[in-house]
Every structure is written in structure tokens, then in C-alpha cells.
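Me: I have a protein model open and would like to learn how to read it. Could you take me through it feature by feature?

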Amino acid sequence: MNILTDNELMDVKGGGISLGAAALIVLGVTFLIGVIDGYIRPFSCN
């Protein structure tokens with residue numbers, strides 16, 4: 001087993017999803033649900 005130096009440890013990248021990408025996915029799903037809901041049961045304006 002090799003011991004990594006501090007510089008090598010700083011260069012390690014994770015494979016997780018970024019916070020911005022997760023926010024875009026959530027916003028996209030919410031928008032699509034709103035569009036589908038508005039199409040299926042539209043409310044009239046008062």
C-alpha cells in the first residue's frame with residue numbers, strides 16, 4: 001500500500017453529483033409536475 005502525500009490527497013476527485021446538478025434535477029421535476037397538473041386540471045381565473 002502506498003502512502004499519499006498532501007498534494008496527492010488534494011488532487012483526489014470524488015464521483016458524486018454536484019449541488020447545482022441536484023438542484024436543476026429537482027427544479028426540472030417540479031416544473032414538469034406543475035405543467036402536467038395545470039394541463040390535467042386547469043383552474044379558471046377569478
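Reply: Happy to; we will go from the overall outline to single residues. Keep in mind that this is a predicted model.

Me: Which secondary structure elements does the chain have, and how many?

Reply: The count is two helices and zero strands. Helix α1 covers residues 6-10, and helix α2 covers residues 19-40.

Me: What are the dimensions of the box that the C-alpha atoms fill?

Reply: Along the principal axes, the box is roughly 70 × 20 × 5 Å. A pair of residues gives a feel for distances within the chain: Met10 and Gly38 are 28 residues apart in sequence, and their C-alpha atoms are separated by 48 Å.

Me: How do I check the span of α2 against what its residues should give?

Reply: The general idea is to take 1.5 Å times one less than the number of residues. For the 22 residues of α2 the expected span is 32 Å, and the end C-alpha atoms are 32 Å apart, which agrees.

Me: Is α2 buried or in the open?

Reply: A residue counts as buried when its relative accessible area is under 20%. Among the 22 residues of α2 the number buried is zero, so the helix lies largely in the open. The chain as a whole has 46 residues, and 0% of them count as buried.

Me: How would I read that for single residues?

Reply: Here the useful cut-off is that exposed means over 50%. Met10, in helix α1, has a relative accessible area of 68% and is therefore exposed. Ile40 in helix α2 is also exposed, because its value is 63%.

Me: What share of the accessible surface belongs to carbon and sulfur atoms?

Reply: The chain has an accessible surface of about 4,800 Å², and 69% of it belongs to carbon and sulfur atoms.

Me: Which residues make the nonpolar surface patch?

Reply: Look for Phe31, Leu32, Val35, Ile36, Tyr39 and Ile40, which together make a patch of about 730 Å². You have already met one of them, the exposed Ile40.

Me: How many salt bridges does a search of the whole structure find, and where should I look?

Reply: The general test is a side-chain nitrogen of Lys or Arg within 4 Å of a carboxyl oxygen of Asp or Glu. The search finds one salt bridge. Asp37 pairs with Arg41, and their closest N and O atoms are 2.7 Å apart. Both partners are partly exposed: Asp37 has a relative accessible area of 31%, and Arg41 has 46%.

Notes:
Residues numbered from 1 in each chain as written. Predicted model: local features only at pLDDT ≥ 70, side-chain atom pairs only at ≥ 80, totals over all residues. Heavy atoms only, no water. Patch = residues over 30% accessible without salt bridge, like charges linked within 9 Å, V, L, I, M, F, W, Y side chains within 5 Å. Areas by Shrake-Rupley, 256 points an atom, 1.4 Å probe, with all protein chains shown as cover. Helix = DSSP H or I, 4+ residues; strand = E, 2+ residues; numbered from the N terminus. Buried < 20%, exposed > 50% of the residue type's maximum accessible area, 1.4 Å probe, protein only.
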